[in-house]
Amino acid sequence: ERDMFTPQTRALITTGFLGGMTTFSTFIFESWQFVRDGDPAKTMAYVTLSLAISVIAFAGALNATKALV
């Protein structure tokens, strides 16, 4: 059913989905470049820091949202 969501809601969902896909693709592409360049230390640092910062940001956003609700 095409009328299930408003045009604004469809745009928001589509933008969020595509944004997530491009962010993940960029993360994988940059990680692969470090692997390809033969720099395992930089690869591990990039992947580890990216994931750690993401988890910290998520936890902060979750706590902020709980505080607002």
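User: What makes Arg36 in helix H1 count as exposed or buried?

Analyst: Arg36 sits in helix H1. A residue is buried under 20% relative accessible area, exposed over 50% and partly exposed in between, using a 1.4 Å probe and protein chains only. Arg36 has 52% relative accessibility, so Arg36 counts as exposed. Keep in mind that this is a predicted model, where local features need pLDDT of at least 70, side-chain atom pairs count only at pLDDT 80 or more, and totals for chains, interfaces and linings use all residues. Residues are numbered from 1 along each chain as its sequence is written, and side-chain values use heavy atoms, with hydrogens and water left out.

User: How do you know which class Leu18 and Ser31 belong to?

Analyst: Both get the accessibility test. Leu18, in helix H1, has 47% relative accessibility, so Leu18 is partly exposed. Ser31 is found in H1 too, but its relative accessible area is 10%, and therefore Ser31 is called buried. Buried residues make up 6% of the 69 residues in the protein.

User: What does Ser31 touch?

Analyst: Contact means heavy atoms within 4.5 Å. Not counting residues up to four places away in sequence, Ser31 touches Thr43, Tyr46 and Val47. Phe34, also in H1, is in contact with Asp39, Lys42, Thr43 and Tyr46 once its neighbours within four places are left aside.

User: Why are H1 and H2 called helices, and how many strands are there?

Analyst: Helices are DSSP runs of H or I with at least four residues, strands are runs of E with at least two, and both are numbered from the N terminus. The protein comes to 2 helices and 0 strands. H1 covers residues 7–36, which is 30 residues, and H2 covers residues 40–68.

User: How do you know how the reach of H1 compares with the expected span?

Analyst: The expected span is 1.5 Å times one less than the number of residues. For H1 that gives 44 Å, and the helix reaches 43 Å from its first C-alpha to its last, which is close.

User: Why are H1 and H2 called roughly antiparallel?

Analyst: Axes are lines fitted to C-alpha atoms, for helices over the stretch in contact, and angles run from 0 to 180 degrees between N-to-C directions. Under 35 degrees is roughly parallel, over 145 roughly antiparallel, 65 to 115 roughly perpendicular, and the rest oblique. The axes of H1 and H2 cross at roughly 160° and come within 8 Å. The two helices are therefore roughly antiparallel.

User: Which residues meet where H1 and H2 touch?

Analyst: From H1 come Phe27, Glu30, Ser31, Phe34 and Val35, and they meet Lys42, Thr43, Tyr46, Val47 and Ser50 in H2. By class, this contact has 5 nonpolar, 3 polar and 2 charged residues. Here Ala, Val, Leu, Ile, Met, Phe, Trp, Tyr, Cys and Pro count as nonpolar, Asp, Glu, Lys and Arg as charged, and the others, Gly among them, as polar.

User: What makes Gly38 exposed, and where is it?

Analyst: Gly38 is in the loop between H1 and H2, and takes a positive phi of about 75° just after H1. Its relative accessible area is 56%, so Gly38 is exposed.

User: How do you know how the protein compares with a compact globule?

Analyst: The radius of gyration is taken over C-alpha atoms, and the globule rule is 2.2 Å times the number of residues to the power 0.38. A compact globule of 69 residues would be near 11 Å, but the protein has 17 Å. Its C-alpha atoms fill a box of roughly 50 × 35 × 15 Å along the principal axes.
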